[in-house]
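Hi,

Here is the model I promised to pass on. Have a look at it first, and my notes follow underneath.

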Amino acid sequence: MLSILDKYILKRYLGSFFLLLMLFLPIMVTVHIAEKIGKILGQDVPLSETMVYLGDFTMYFTNFLFPIFLFISTMFFTSKLANNTEVIAFLSSGVSFNRFLRPYIIGATIICGLALLLSTIFVPAAASGFNEYQYKYFKKGSELETTNVFRQINDNDYVYVSNYQPSSQRGFDFTLEHFEDNVLKYKIYANRISFEDSVYVLSQYKKRIITENGEILQTQNRLDTVLDFDIDELTPTTYIAETKSYSDLNDFIALEEKRGNANMNIYYVEKYKRISIPISAFIFTIIAVAVSSVKKRGGMGVNLAIGIVIAMSYMFLDKVFGTIAEKSTFSPWIAVWTPNIFFAIVALFLLRNARR
């Protein structure tokens, strides 16, 4: 049962958070439109398509920035409580600091639940629309290019391309190896592979067939043929993991592992962030309360300055460790959860001092 104190703080907690969202999001959208308006008008983009894109843009970036919004809003209204000596009044009435913290934790649970719902179900659809619009109008002509792609396309066949360009459906230094009972039966080479008119075109084609009596070599300058895979499956676009719901993402990761995808860390980073970012609501709430519940000389400005430094530090660590995991063999789980673990320790330290 919530007390008057719980309802009062919870109302301020949620109200401040959603008010900050409502104030900041229009500014964010306006700045983005001002930056892209030239390209939008220059290509006669339909208004309806642009409006849908702006909705996707808003949800897409809100998902990443909500911990910062939550942190700053909690810092702001708790600092106001402290400056009005309301926190002192609560604690002087016999309320323990842990009891004072309870409505904040309830509010963080509500925000965390909403964030989980958004990140696992609704944001992927927004990410799909956002990225498709970006590549259709803002990055038109740019290549979603990948290198050194090795894939297992079925139980017996493996393919490799040194360079693949999804926009033109073209790859270079193509190799296909066919095995039976773990024995190589034939190997196909081509300087270039492309998909044209529902067939694969192989340039400078070579096929080496291995028999009991030796090898048979077949060559052609050009071969139009049918192969047992979709050329777009050679490598997914860089943002494909963002566009899948949590359950679909797990299925996608399992499939990519079976195919021998060498860039799995990108997908694992996305998977773990679906959980780590919502969980950060608890960490930032505790830090915000611990820092701002004590009245300081200089007023709310000091607390807000501390809050901004902490928020920027979290974003910096999150970006650095995420990039390290995506570009190396560093554990994606450790990379994604390190900022949360570090700031959880900071939160416990600050909370301990605040209780005193």
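Let me start with a loop residue: D181 is exposed, with a relative accessible area of 75%. Keep in mind that this is a predicted model. D181 sits in the loop between β3 (170–180) and β4 (183–196), and its phi is near 55°, a positive value for a residue that isn't glycine.

There's another one of that kind at S198, with phi near 70°, again positive in a non-glycine residue. You'll find S198 in the loop between β4 and β5 (199–211). S198 counts as exposed too, at 60% relative accessibility, since the cut-off for that is over 50%.

Now to the inside. The structure has one cavity of 30 Å³ or more, and the volume of the largest cavity comes out at about 110 Å³. Its lining includes Y60, N63 and F64, along with S119, V123, P124 and A127, and also E242, E270, K273, R274 and I277. By class, that makes six nonpolar, two polar and four charged residues. Three helices each supply at least two residues of the lining: α2 (47–83), α4 (97–138) and α6 (264–292).

Two of those helices also pack against each other. The angle between α4 and α6 is about 155°, and their axes are 8 Å apart. Angles over 145 degrees count as roughly antiparallel, so that is how α4 and α6 run relative to each other. The crossing of α4 past α6 is right-handed. In the contact of α4 with α6 there are 17 nonpolar, four polar and one charged residues.

Cheers

Technical notes:
Residues are numbered from 1 along each chain as its sequence is written. This is a predicted model: local features need pLDDT of at least 70, side-chain atom pairs count only at pLDDT 80 or more; totals for chains, interfaces and linings use all residues. Side-chain values use heavy atoms; hydrogens and water are left out. On a 1 Å grid over the protein atoms alone, a cavity is a set of points where a 1.4 Å probe fits but cannot get out, and a pocket is an open set with protein on both sides within 12 Å along at least five of seven lines; lining residues have an atom within 4 Å of a point. Grid points are joined across faces, edges and corners, and a volume is the space filled by probe spheres set on the points. Helices (H or I, at least four residues) and strands (E, at least two) are DSSP runs, numbered from the N terminus. Ala, Val, Leu, Ile, Met, Phe, Trp, Tyr, Cys and Pro count as nonpolar, Asp, Glu, Lys and Arg as charged, and the others, Gly among them, as polar. Axes are lines fitted to C-alpha atoms, for helices over the stretch in contact, and angles run from 0 to 180 degrees between N-to-C directions. Angles under 35 degrees count as roughly parallel, over 145 as roughly antiparallel, 65 to 115 as roughly perpendicular and the rest as oblique. A crossing is left-handed if the near helix is turned anticlockwise from the far one by less than a right angle, and right-handed if clockwise. Buried means under 20% relative accessible area, exposed over 50%, partly exposed in between (1.4 Å probe, protein chains only).
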